[in-house]
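Visitor: Please show me the model, and then explain how its labels are assigned.

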Amino acid sequence: MSVSDKVVVITGASSGIGAATARLLAGRGAAVVLGARRTERLDEIAADIREAGGRAVAVAADVTRPADLEALVDRAVTEFGRFDVLVGNAGVAKTGPVADLDVAGWSAMIDVNLRGVLHGIAAALPVFRRQGHGHLVTTVSTSGLKIVPTQAVYAATKNAVRTLLEGLRQESTDGVLRTTAVSPGYVRTGLADWIDNPQVREQIQRDMERFAIDPEAVARAIAFAIEQPADVEIGEIVIRPTIQG
Ligand SMILES: NC(=O)c1ccc[n+]([C@@H]2O[C@H](COP(=O)([O-])OP(=O)(O)OC[C@H]3O[C@@H](n4cnc5c(N)ncnc54)[C@H](OP(=O)(O)O)[C@@H]3O)[C@@H](O)[C@H]2O)c1
């Protein structure tokens with residue numbers, strides 16, 4: 001029961017939950033391959049991990065491009081000889097009332113939150129099948145469990161991924177693939193900084209400051225799913241601040 005020696009690819013590893021997960025897993029002995037678009041941040045995190053004695057490489061990856069996911073997975077195999085876990089964590093939250101008709105924001109969420117995960121699956125599954133094992137972890141959201149105003153499209157993308165993973169699980173009962181959907185509530189990250197609607201952005205930032213949990217809490221939950229023995233699949237984890245309604 002250990003994450004030690006696992007090779008883990010993490011998308012959206014340049015900040016927040018992804019960065020915390022990379023640091024935590026590397027600290028526990030995993031080799032981590034960090035993917036995102038902001039490469040300076042990735043390089044810094046990978047360098048920190050290596051300085052602390054861990055194993056980490058950084059790769060520029062935009063999850064909206066299938067070839068970038070293939071390159072990320074290839075790098076894991078060439079660098080560390082194996083590829084055990086994909087943490088499909090990259091995400092954007094262009095939240096706001098549907099009536100804002102933010103078509104560009106809707107497309108961005110579908111492209112990153114849903115297509116990005118599909119691109120990861122397309123890159124990872126052939127390698128997992130070849131190896132005879134693999135684990136797909138995705139960061140979905142409590143937004144999909146308690147549907148609230150301003151988060152409809154974001155929640156829809158997260159629930160699409162939840163559905164996708166359950167379907168994939170049903171198709172993968174030969175023991176090769178494990179799937180885990182992690183649903184965080186409010187987590188203290190920069191996710192809300194990219195929200196265009198100022199009222200919604202400021203409200204979420206205030207809530208985050210008031211009661212959000214640290215990204216390390218989600219990283220620990222992800223580690224828990226990964227460290228289980230191969231015959232144990234943690235399908236869903238819901239992790240939110242104790243005082244979140
Ligand atoms: N914070 C919360 O309260 C919360 C709650 C529930 C679920 N989540 C989910 O948790 C995940 C991580 O978010 P976070 O809260 O840690 O926020 P964050 O700090 O803003 O992290 C988002 C990550 O996604 C990456 N990303 C965005 N677009 C990308 C793209 N096209 N290609 C590759 N990477 C991309 C960003 O990297 P680059 O910009 O460098 O590419 C960044 O590393 C997301 O899926 C989010 O929906 C967050």
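The talk below goes through salt bridges, the ligand, aromatic pairs and a few single residues.

Guide: This is a predicted model, in which local features need pLDDT of at least 70 and side-chain atom pairs count only at pLDDT 80 or more, while totals for chains, interfaces and linings use all residues. Residues are numbered from 1 along each chain as its sequence is written, and side-chain values use heavy atoms, with hydrogens and water left out.

Visitor: What makes R28 and E227 a salt bridge?

Guide: A salt bridge is a side-chain nitrogen of Lys or Arg within 4 Å of a carboxyl oxygen of Asp or Glu. The closest N and O atoms of R28 and E227 are 3.9 Å apart, so the pair falls within the limit of 4 Å. R28 is in the loop between α1 (16-27) and β2 (31-36), and E227 is in the loop between α7 (215-226) and β7 (236-239), so the salt bridge ties together parts that are 199 residues apart in sequence. The helices (H or I, at least four residues) and strands (E, at least two) are DSSP runs, numbered from the N terminus.

Visitor: How many salt bridges are there by this rule?

Guide: The count comes to 13 salt bridges. Among them are R65 with D68, at 3.6 Å from N to O, and D84 with R82, at 2.7 Å between the closest N and O atoms.

Visitor: Why is D84 called buried?

Guide: Buried means under 20% relative accessible area, exposed over 50%, and partly exposed in between (1.4 Å probe, protein chains only). D84 has 4% relative accessibility, so D84 counts as buried. Its partner R82 has 32% and therefore counts as partly exposed. In the pair of R65 and D68, R65 has 48% and is partly exposed, whereas D68 has 16% and is buried. R28 has 37%, so R28 is partly exposed.

Visitor: Which residues are closest to the ligand?

Guide: The closest are S15, I17, R37, Y154 and T189, and 30 residues surround the ligand. A residue is near the ligand if one of its heavy atoms lies within 4 Å of it.

Visitor: What makes the approach of V187 to the ligand a polar contact?

Guide: A polar contact is a pair of N or O atoms within 3.5 Å; within protein, one must be able to donate a hydrogen and the other to accept it, and residues adjacent in sequence count only if both atoms are side-chain atoms. A polar backbone atom of V187 is 2.8 Å from an oxygen atom of the ligand, so the distance is within 3.5 Å. A backbone N or O atom of G12 lies 3.0 Å from a ligand oxygen, and a polar backbone atom of G185 is 3.3 Å from a ligand oxygen. The ligand taken alone exposes 880 Å², and the protein buries 96% of that; accessible areas come from the Shrake-Rupley method with a 1.4 Å probe, and for residues only the protein chains shown count as cover. Two or more residues of the shell come from each of α1 and α5 (152-171).

Visitor: What can be said of T157 in helix α5?

Guide: T157 has 4% relative accessibility, so T157 counts as buried. Its side chain is joined to the side chain of N113 by a polar contact of 3.2 Å.

Visitor: Why is the pair of Y186 and F211 called edge-to-face?

Guide: Rings of Phe, Tyr and Trp (its six-membered ring) pair if their centres lie within 6.5 Å; planes under 30 degrees apart count as stacked, over 60 as edge-to-face and the rest as tilted. The ring centres of Y186 and F211 are 5.2 Å apart and the planes are at 70°, so the pair is edge-to-face. Y186 lies in the loop between β6 (177-184) and α6 (198-211) and F211 in helix α6, so the pair ties together parts that are 25 residues apart in sequence. F211, at 13% relative accessibility, counts as buried. The structure holds two aromatic pairs.

Visitor: What is stated about the phi of L101?

Guide: L101 has a positive phi of about 50° although it is not a glycine. Most residues other than glycine have a negative phi. L101 is in the loop between β4 (85-88) and α4 (103-131), and at 58% relative accessibility L101 counts as exposed. D5, in the segment before β1 (7-11), has a positive phi of about 75°. D5 has a relative accessible area of 49%, so D5 is partly exposed.
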